[in-house]
Amino acid sequence: MSSRQFGAIYITVFVLFAICLTWPIHYTGHLLAFADTGSYLRGGERIWDILMQMVPSAPAEQAATGAGQSAADSLATNESGRNTVGRSFPYAAFTYLFYQLGGPLGIALAQSALAALMITFMISRDALQSPWTLVIGAILIAATSGLPWYASFLMPDIFGAFVVIFGVILVRDIDNMRILPALLLVGLTGFAATTHYGNMPVILVAVTAALGMRLLRRRLTWRSTFLGLIALALAPLANVGASTVVLDEPSLAPKRLPIILARSLSDGPAQWYLQDVCPEADLAICQAYGDDVSADRGVFLWSEEGVLSLPPEVYDRIRQEEFKVVFAAFRAYPLAQANAFFSEAIKQNFRIGLEQIEFAKAIQEPFEVELIYDGPATEKKYFFDTVIDFATLASAVALIALGLGLGFTARWTDMLIVLITTMTANAVIFGGLSAAIDRYQGRMAWIIPVMLVLFIAEARANRRSA
């Protein structure tokens, strides 16, 4: 087979696989969405309007962001003056672009194609020698893992897996990649890290673990170090640059919600601490609520009395003082806070299903998402929720059993160490600091069956060549 024929077959399989990953939308008859989906699209619309303002030839009427609103105001508050939620600028722009090109399905197809591309980077030359193993494995992964559900989910969750995959490739053989594919991998990983503020500490763990294992194995090279550091730096640079230009406020996490404070309030320590020091303390949250701060996260963050309803200057101060309050609460009640943190982090490691993926009939203008919480689609999701749990557990057990039986090479050992370390860090960062929910771990649990298929393909190829 010529290289041209191989390339044509490879591209055809890639496109078919990416399209097939959107099957949950067609199977359930509904879009896979969440309450935050609309806010990403609204934010993306504003971002593209702001970008048009920066184009000198853009007509004035095309560049308007709103009646009398500056660029910063249009992203910081909505039309009624209520504070908006800090969202990833790059992901918001991404969703709006593909929504305009192909509607909600356009977003799902774009995310599925990028997920397929990341998996392509994982396939080694040895694995390519077992094409039927890869094809059968791809079918099983698409049918029984969480990959198609999170790839089709109109939220940035699927990108959390990309930073984990990058760590696995970085420790394995990134030195052997040609420069253009390597730069594409780094760019895609950097974009993935920008799609959620929590992905930045996760990629820090992934790169540190990968380069650390290379150092221990005496395989650390200038190229692997350079590519790892570039991937690590892209998200912080993008966030600081975008927030400086658009919001006149350099920030690693522009307009982020005080999620960690909300978590400490619901755990108890922050609420107890504020009851001890408010209303006398010189804290914005004391001035806004006195000593009656709600411990309910939904009320504190989203209700009509929550922080988003406060005047912008008060809300900004609460965000700025978030860690001051959280650290003070930890010092005052260390055992209670530590117990809540670690118990949620441990539980997060085993939450890998589809619980918080919801369904929507359509997205109506102006980006209003009508969610459906019950009905036939939800029953179908519950069935696959069970299938995904079983398939992931079976894949983990099979990978360990085959590895022990056939023997893990040093590089496979390194890859698994990076995988386990990064997924554990993800559980600590998202579960420990926010809450243990299926989405945070489920969005990357599908990497385990992918690793199993690659191990089998490489083992078969090595056995034939032995």
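Here is a chat about how some features of this predicted model get their labels.

Biologist: Let's start with two helices. Why are H18 and H19 called roughly perpendicular?

Modeller: The axes of H18 (residues 322–332) and H19 (residues 334–348) cross at roughly 110°. Angles of 65 to 115 degrees count as roughly perpendicular, so that label fits H18 and H19. Their axes also come within 5 Å.

Biologist: Which residues make the contact?

Modeller: On H18 they are Phe330, Arg331 and Ala332, and on H19 they are Pro334, Gln337 and Ala338. By type, the contact has four nonpolar residues, one polar and one charged.

Biologist: On to charged pairs. What makes Glu321 and Arg317 a salt bridge?

Modeller: The distance from N to O is 2.8 Å, and the cut-off is within 4 Å, so the pair qualifies.

Biologist: Is Glu321 buried or exposed?

Modeller: Buried: its relative accessible area is 14%, and buried means under 20%. Arg317 has 27%. Partly exposed covers the range between 20% and 50%, so Arg317 counts as partly exposed.

Biologist: How do you know that Arg351 and Glu355 form a salt bridge?

Modeller: The reasoning runs along the same path: their side chains meet at 2.8 Å, N to O, and the limit is 4 Å. As for accessibility, Arg351 has 26% and is partly exposed, and Glu355, at 44%, is partly exposed as well. Elsewhere, shared partners link Arg217, Arg219 and Asp414 into one salt-bridge network.

Biologist: What about Arg172, which residue does it form a salt bridge with?

Modeller: With Asp173, the closest N and O atoms being 3.0 Å apart. Both Arg172 and Asp173 are buried.

Biologist: How many salt bridges does the structure hold?

Modeller: It holds 14.

Biologist: Now the cysteines. Why is the link of Cys278 and Cys286 called a disulfide?

Modeller: Their sulfur atoms lie 1.8 Å apart, and a disulfide needs the pair to be within 2.5 Å, so Cys278 and Cys286 pass. In general, a disulfide is a covalent bond between the sulfur atoms of two cysteines. A search of the whole structure finds one disulfide.

Biologist: What is the handedness of that link?

Modeller: Left-handed, with -60° about the S-S bond. Cys278 and Cys286 are both buried.

Biologist: One last cysteine, then. Why does Cys20 count as partly exposed?

Modeller: Its relative accessibility is 43%. Buried would be under 20% and exposed over 50%, so Cys20 falls in between and counts as partly exposed.

Key. Residues numbered from 1 in each chain as written. Predicted model: local features only at pLDDT ≥ 70, side-chain atom pairs only at ≥ 80, totals over all residues. Heavy atoms only, no water. Axes fitted to C-alpha atoms, helices over the stretch in contact; angles between N-to-C directions. Helix = DSSP H or I, 4+ residues; strand = E, 2+ residues; numbered from the N terminus. Parallel < 35°, antiparallel > 145°, perpendicular 65-115°, else oblique. Contact = heavy atoms within 4.5 Å. Nonpolar A, V, L, I, M, F, W, Y, C, P; charged D, E, K, R; others polar. Buried < 20%, exposed > 50% of the residue type's maximum accessible area, 1.4 Å probe, protein only.
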